Amino acid sequence: GRASPGQKRKVWELIRHKVNPVAACPRDVEDLKKRWRDLKRRDRSKLCRLSQGCGPPGPPALGLLLAPEELPPARRQRR
């Protein structure tokens with residue numbers, strides 16, 4: 001089922017407590033939610049461009065979908 005608003009708030013607070021110690025600048029929950037929405041929108045846009053022009057995204061397209069730090073170590077060296 002779905003999480004209650006209270007459960008969602010607790011999860012976002014947990015995310016905030018995990019992210020802020022390693023972030024360049026501290027973020028509040030609303031900033032984190034906005035960043036998450038922006039990242040989802042960016043990835044959907046990339047997937048849409050790939051599916052329209054290059055066929056289905058497969059291993060060769062992986063580098064287009066992920067940031068360099070998200071790539072497996074072997075793929076980072078080739079970029």
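Let's start at the largest pocket, where helix H2 gives the largest share of the lining, with four residues. The model you are looking at is predicted, so keep its confidence values at hand as we go. The space in this pocket comes to about 190 Å³. Two helices, H1 (5–19) and H2 (29–53), each give two or more residues to the lining.

If you would like to select the lining in your viewer, pick Trp12, Ile15, Val19, Val22, Ala23, Arg27, Leu32, Arg35, Trp36 and Leu39. What is the chemical character of this set? Eight of the lining residues are nonpolar and two are charged, while none is polar.

Now step back to the whole chain. It holds four helices and zero strands, and reading along the sequence gives the pattern α-α-α-α. Of its 79 residues, 14% count as buried. The chain exposes about 6,600 Å², and carbon and sulfur atoms supply 58% of that area. Contacts tell another part of the story: among those between residues at least 6 apart in sequence, 3% join residues at least 24 apart.

How far can you lean on the coordinates? The chain has an average pLDDT of 81, and 67% of the residues score at least 70. Where is confidence highest, and where is it lowest? Helix H1 comes out at the top with a mean of 96, whereas helix H4 (residues 73–78) is at the bottom with a mean of 57. Where pLDDT is low, the predicted coordinates should not be read in detail. Helix H1, with the highest confidence in the chain, is also one of the helices lining the largest pocket.

Methods
Residues numbered from 1 in each chain as written. Predicted model: local features only at pLDDT ≥ 70, side-chain atom pairs only at ≥ 80, totals over all residues. Heavy atoms only, no water. 1 Å grid on protein atoms, 1.4 Å probe; cavity = no way out; pocket = protein on both sides within 12 Å on 5 of 7 lines; lining within 4 Å. Points joined across faces, edges and corners; volume = space filled by probe spheres on them. Nonpolar A, V, L, I, M, F, W, Y, C, P; charged D, E, K, R; others polar. pLDDT = per-residue confidence, 0-100. Buried < 20%, exposed > 50% of the residue type's maximum accessible area, 1.4 Å probe, protein only. Contact = heavy atoms within 4.5 Å. Areas by Shrake-Rupley, 256 points an atom, 1.4 Å probe, with all protein chains shown as cover.
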